[in-house]
Amino acid sequence: MVERMLQFVSVPQEMPQKRDADARRHDFAEIYKGFALKQAERQAGRCSQCGVPFCSVHCPLGNNIPDWLKLTAEGRLEEAYAVAAATNSFPEICGRVCPQDRLCEGNCVIQKGFESVTIGAVEKFVTENAFAEGWVKPRLPRDELAQSVAIIGAGPAGLAAAERLRARGYQVHVYDRHDRVGGLLVYGIPSFKLEKHIIARRHDLLVRQGVTFHLNTEIGEGEGRISFAALRDQYDAVFIATGVYQSRDIALPGAARAGVIQALAYLTESNKRGYHEVSDAETALHARDRRVVLIGGGDTAMDCVRTAIRQGAASVTCLYRRDRENMPGSAQEVRNAEEEGVTFSWLTTPVEFVGAKQIEAIKVQAMRLGGIGPTGRRDVEPVLGDVRQIPADLVILALGFEPEDLRADWRVPELGVTHWGTVQTRPGQYETNLEGVFAGGDIVRGASLVVWAIRDGQEAADAMHAYLKARGAAEPCAATPVMKKRRVGE
């Protein structure tokens with residue numbers, strides 16, 4: 001076969017065609033159109049096939065990126081998908097929402113002078129082509145096992161664990177308080193980054209694989225809820241993958257004024273509008289004709305400001321207390337936001353929310369960078385006397401997320417947690433201090449990336465399998481198993 005690799009010296013970096021900013025600011029469709037076959041082959045062929053693939057090293061899932069790039073360049077697309085899916089439960093999602101500029105692409109060895117391979121765009125092409133060709137099928141188990149597992153949370157960690165455990169033959173039941181599968185993939189990420197049919201398609205695959213979902217189901221004590229103790233009693237193992245949903249607040253004068261809202265509440269309502277679950281007449285969390293100011297600098301902040309643009313805000317300003325180079329969010333997302341009309345006010349921090357009952361303005365303090373702090377990032381300090389006001393009708397706080405108090409909510413005081421409130425697991429493992437109870441994803445590591453949640457789900461599934469197997473609980477059944485225990489709620 002003709003060698004098609006090492007083309008980075010003659011083929012420039014190319015991204016899929018991006019929709020014009022004036023057009024995309026009026027809808028929630030994905031902004032990149034996706035590669036055509038020849039484009040994908042050409043970009044994949046830029047890979048240098050280096051001996052130490054730093055793209056794989058810096059991928060939380062350890063994806064075999066050079067291998068599926070080579071297969072794509074050679075037109076062996078079914079094999080390319082098989083390699084991509086071997087390490088990643090949801091490559092179609094990671095190709096869209098992973099911050100490749102901070103992970104695989106940001107560590108591509110050909111980046112300097114030639115620019116990196118556009119790994120994320122090729123991954124999206126490979127997986128979408130595989131779906132179109134009918135190559136993506138549910139991983140049905142070879143043998144059915146009588147043992148059952150409960151997973152609390154239908155976000156990326158819970159779904160990854162469910163997929164892997166079900167493939168081994170376990171009877172997998174996923175519980176989630178929301179009405180749809182996906183967690184923050186559905187309600188926290190806007191459709192212009194991840195269209196919702198992508199998650200619905202994966203949900204359908206998991207159902208066909210044999211995973212049972214219990215949606216609109218709260219865990220805890222009280223009417224209409226299922227107790228955590230009941231889950232432990234009814235299942236052979238339990239996996240906690242609830243994520244972190246409690247927004248961090250801000251302790252500033254005037255923060256309780258109407259019009260100061262949390263990012264997750266804002267994004268959730270916007271995504272529900274996409275499902276026609278919220279009337280356009282409901283405007284408390286809508287940006288139309290309002291002067292929007294967002295406080296924060298992560299990917300959630302970029303999701304909010306770009307959503308506000310699409311909702312028809314009069315103006316959108318993002319305040320961040322450090323400079324562009326020290327912003328934690330994706331650099332590509334910042335560029336997209338600027339193209340769409342977002343104004344960034346760098347080295348700016350709020351000090352007071354101004355107004356009577358309704359927010360009218362934010363008093364802000366100019367900042368400057370200082371020395372390197374204990375976290376390895378540069379500290380910031382105020383520029384004395386440099387204070388001004390920014391008009392605002394809607395202020396969105398995107399300051400990160402903290403875990404909910406599961407011990408209190410579920411009445412499980414014996415569950416071990418860290419001083420941050422995250423669930424504590426054994427070092428290097430996923431088992432909690434409770435027998436047969438495992439945890440992973442954001443509820444263990446804190447608010448993080450989708451790709452880390454997928455990794456945790458996959459590895460937790462392996463740990464649960466080892467646990468059950470060690471207790472003689474992974475014996476195959478001769479036929480479809482008859483459960484020794486009734487399912488909770490039946």
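How much space lies in the largest cavity? About 120 Å³. Keep that in mind as you look around, and remember that this is a predicted model.

**Stop 1: the largest cavity**

A search of the whole structure turns up 3 cavities of 30 Å³ or more. To find the largest cavity, select C59, N63, C98, C104 and E123, which lie nearest its centre among the 15 residues that line it. Next, colour helix 4 (65-73) and helix 8 (119-133), the elements that give two or more residues to this lining. By class, the lining of the largest cavity divides into 11 nonpolar residues, 3 polar and 1 charged.

**Stop 2: the second largest cavity**

Now select C47, S48, C50, C55 and C108. These residues lie nearest the centre of the second largest cavity, which has 13 lining residues. Helix 3 (54-57) and helix 4 are the elements that give two or more residues to that lining. The space in this cavity is about 90 Å³. Its lining has 11 nonpolar and 2 polar residues, with no charged ones.

**Stop 3: helix 2**

Keep helix 4 and helix 8 coloured, and select helix 2, residues 37-44. Which residues of helix 2 are buried? They are A40, E41, Q43 and A44. The cover over these buried residues includes helix 4 and helix 8. While you are looking at a helix, here is a handy rule: an α-helix has 3.6 residues a turn, so residues three or four places apart point the same way.

**Stop 4: a hairpin**

Move along the chain to strand 12 (residues 348-355) and strand 13 (residues 359-372). The two run antiparallel and are joined by 7 bridges. Show the 3 residues through which the hairpin joins strand 12 to strand 13. For one bridge in detail, select T349 and then Q365, its partner in strand 13.

**Stop 5: G440**

Finally, select G440, in the loop between strand 17 (437-439) and helix 17 (442-445). Is G440 buried or exposed? It counts as buried because its relative accessibility is 1%, and the cut-off for buried is under 20%. To see what G440 touches, show A157, F239, I240, A241, Y430 and D456; this leaves out residues up to four places away in sequence. For a last distance to draw in your viewer, join the C-alpha atoms of G440 and R321. These two residues are 31 Å apart in space and 119 residues apart in sequence.

Terms used:
Residues numbered from 1 in each chain as written. Predicted model: local features only at pLDDT ≥ 70, side-chain atom pairs only at ≥ 80, totals over all residues. Heavy atoms only, no water. Helix = DSSP H or I, 4+ residues; strand = E, 2+ residues; numbered from the N terminus. Buried < 20%, exposed > 50% of the residue type's maximum accessible area, 1.4 Å probe, protein only. Contact = heavy atoms within 4.5 Å. 1 Å grid on protein atoms, 1.4 Å probe; cavity = no way out; pocket = protein on both sides within 12 Å on 5 of 7 lines; lining within 4 Å. Points joined across faces, edges and corners; volume = space filled by probe spheres on them. Nonpolar A, V, L, I, M, F, W, Y, C, P; charged D, E, K, R; others polar. Pairing = 2+ DSSP bridges.
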